Amino acid sequence: MSSSDITLVKATAPDTPEPADVPRIVPQRRLGQWAAAAVVLVLLGLALTSVIRNKAFQWDVVADYFTSDSVLRGLWLTLWLTAVVMALGFALGTLLAVFRLSANPVLRAVSWGYVWLFRSIPILVQLLLWFNIGALYPRVLGVRTVDLFGPVTVAIIGLTLHEAAYAAEVVRGGILSVGRGQIEAAQALGLSRWRRWRRIVLPQAMRSIVPPAGNMLIGTLKGTSIVSVIAVQDLLYSTQLIYHQTYQVIPLLMVATLWYTVVTSVLSVGQHYVERHYARGSEGGR
C-alpha cells in the first residue's frame, strides 16, 4: 500500500466524537440523606451544648478529681485486674478449646460442661458465691478460707473463670477457621505437630481470634467495675468512696466515665493495629 493510499484511508475514516458529544453523567441528588445528616448534627450539637452548659455536671469538680491520687490508684488496679484476668482467662480458655477439639470424649465433655456452666451463671452471682465461699468451706488445708480469699483474690478467680468460658469458644472458633487441607499439607511436608500449630494454624487462626478477643478485652475492662460490690477499690469504687463523703455524685461518676472512655479508646486503637498486622496478605488487611 502506497503513502497516497494511507492518506486516503485516513481521510475517509469516520471522525471520533469530540468530548463535548459524550453524554455527561450527573450524580443523583440525595436530598433526603443531606437532610437527615443535618438533623443528626443539630441534635448532636444541642446535646453537647446541654452537657457543657449544664452546671449540675460541675466540670470544675471533675477537673479537680480527674487526676487525684485515689482515682489514679483505682484506675491502676482496674488496669492491672484487666490484664491479669485476660492473661489467665485466655490461658485457661485455650486449654479448654484444645480439650474441646480433642479426640478424647472425656476431655470434650469436661470442656463443654465448663463452658455451659460458667456462661449460664451471671458474673455477679459468681463473684458473690466466691466471696461467701467460707460459708461452705470454713477451712482449706488448715487455713481459714477468709484469709485465703480476700476481695482482690475473689475478683481474679471469679472474673477469670467467667472469662475463660468465652475465651474457649473464641479460640476454638479461630482454630476451626483454618482449612483442614492446609494442616494435611503440612503433615505431608513432614512438619511436627508443634511446628504445624506455630507456623500454620495459629497465624491464620489469629485473624479470627483477634477481633472478638479485642472486644472481650474492652468488655473485661468495663466489667471489672462490678467488683465494687465486694469492696475491691477499683476505679468505680474509688470514686464512690469520694462521693459518699462529698455527696458530689454526678461529677465523680463523670470522672469514672471519662477514664473508662479514654482507656477503651486507646485499646480500640491498639486492636485496630493488631488486626491489621494479622490480616496482612488478606483482603481485609490491604
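By class, the second largest pocket of this predicted model has a lining of 8 nonpolar residues, 2 polar residues and no charged ones. The volume of this pocket is about 150 Å³. Its lining consists of M86, F90, V210, A213, G214, L217, I218, L267, Q271 and V274. Three helices each give two or more residues to this lining: α4 (69–100), α10 (193–223) and α12 (249–278). The greatest share comes from α10, with 5 residues.

I218, one of the lining residues, sits in helix α10. Its relative accessible area is 13%. I218 therefore counts as buried, the cut-off being under 20%. I218 also pairs in space with a residue distant in sequence. S268 is 50 residues away along the chain, yet the C-alpha atoms of I218 and S268 are 7.9 Å apart.

The protein chain as a whole contains 12 helices and 2 strands. Read from the N terminus, the order of elements is α-α-α-α-α-α-β-β-α-α-α-α-α-α. The chain has 286 residues, of which 30% are buried.

Helix α4 reappears in the analysis of charged contacts. The whole structure holds 2 salt bridges. One joins the side chains of R100 and E169, with an N to O distance of 3.3 Å. R100 belongs to helix α4 and E169 to helix α8 (residues 151–176), so this contact ties together parts separated by 69 residues in sequence. Another salt bridge links R172 to E169, where the closest N and O atoms are 2.9 Å apart. This pair is local in sequence: R172 and E169 both lie in helix α8, 3 residues apart, or about one turn of the helix. R100, E169 and R172 thus appear together in a network of salt bridges. Two members of the network have computed accessibilities between the buried and exposed cut-offs. R100 is partly exposed, at 22% relative accessibility. E169 is partly exposed as well, at 21%.

On the surface, L136, Y137, V140, L141, V143 and L148 make a nonpolar patch. The area of this patch is about 620 Å². Y137, one of its members, is placed in the loop between α6 (123–131) and β1 (139–140). The relative accessibility of Y137 is 51%. Y137 therefore counts as exposed, since the cut-off is over 50%.

Backbone geometry was examined next. Most residues other than glycine have a negative phi. Q58 departs from this pattern, with a positive phi near 50°. The residue lies in the loop between α2 (31–53) and α3 (59–66). Q58 is partly exposed, with a relative accessibility of 29%. Y247 is another residue other than glycine with a positive phi, here near 65°. Its place is the loop between α11 (235–246) and α12. At 68% relative accessibility, Y247 counts as exposed. Helix α12, which borders this loop, is also among the elements that give two or more residues to the lining of the second largest pocket.

Notes: Residues are numbered from 1 along each chain as its sequence is written. This is a predicted model: local features need pLDDT of at least 70, side-chain atom pairs count only at pLDDT 80 or more; totals for chains, interfaces and linings use all residues. Side-chain values use heavy atoms; hydrogens and water are left out. On a 1 Å grid over the protein atoms alone, a cavity is a set of points where a 1.4 Å probe fits but cannot get out, and a pocket is an open set with protein on both sides within 12 Å along at least five of seven lines; lining residues have an atom within 4 Å of a point. Grid points are joined across faces, edges and corners, and a volume is the space filled by probe spheres set on the points. Helices (H or I, at least four residues) and strands (E, at least two) are DSSP runs, numbered from the N terminus. Ala, Val, Leu, Ile, Met, Phe, Trp, Tyr, Cys and Pro count as nonpolar, Asp, Glu, Lys and Arg as charged, and the others, Gly among them, as polar. Patches are made of residues with over 30% relative accessible area and no salt bridge: like charges are joined within 9 Å, nonpolar side chains (Val, Leu, Ile, Met, Phe, Trp, Tyr) within 5 Å. Accessible areas come from the Shrake-Rupley method with a 1.4 Å probe; for residues, only the protein chains shown count as cover. A salt bridge is a side-chain nitrogen of Lys or Arg within 4 Å of a carboxyl oxygen of Asp or Glu. Buried means under 20% relative accessible area, exposed over 50%, partly exposed in between (1.4 Å probe, protein chains only).
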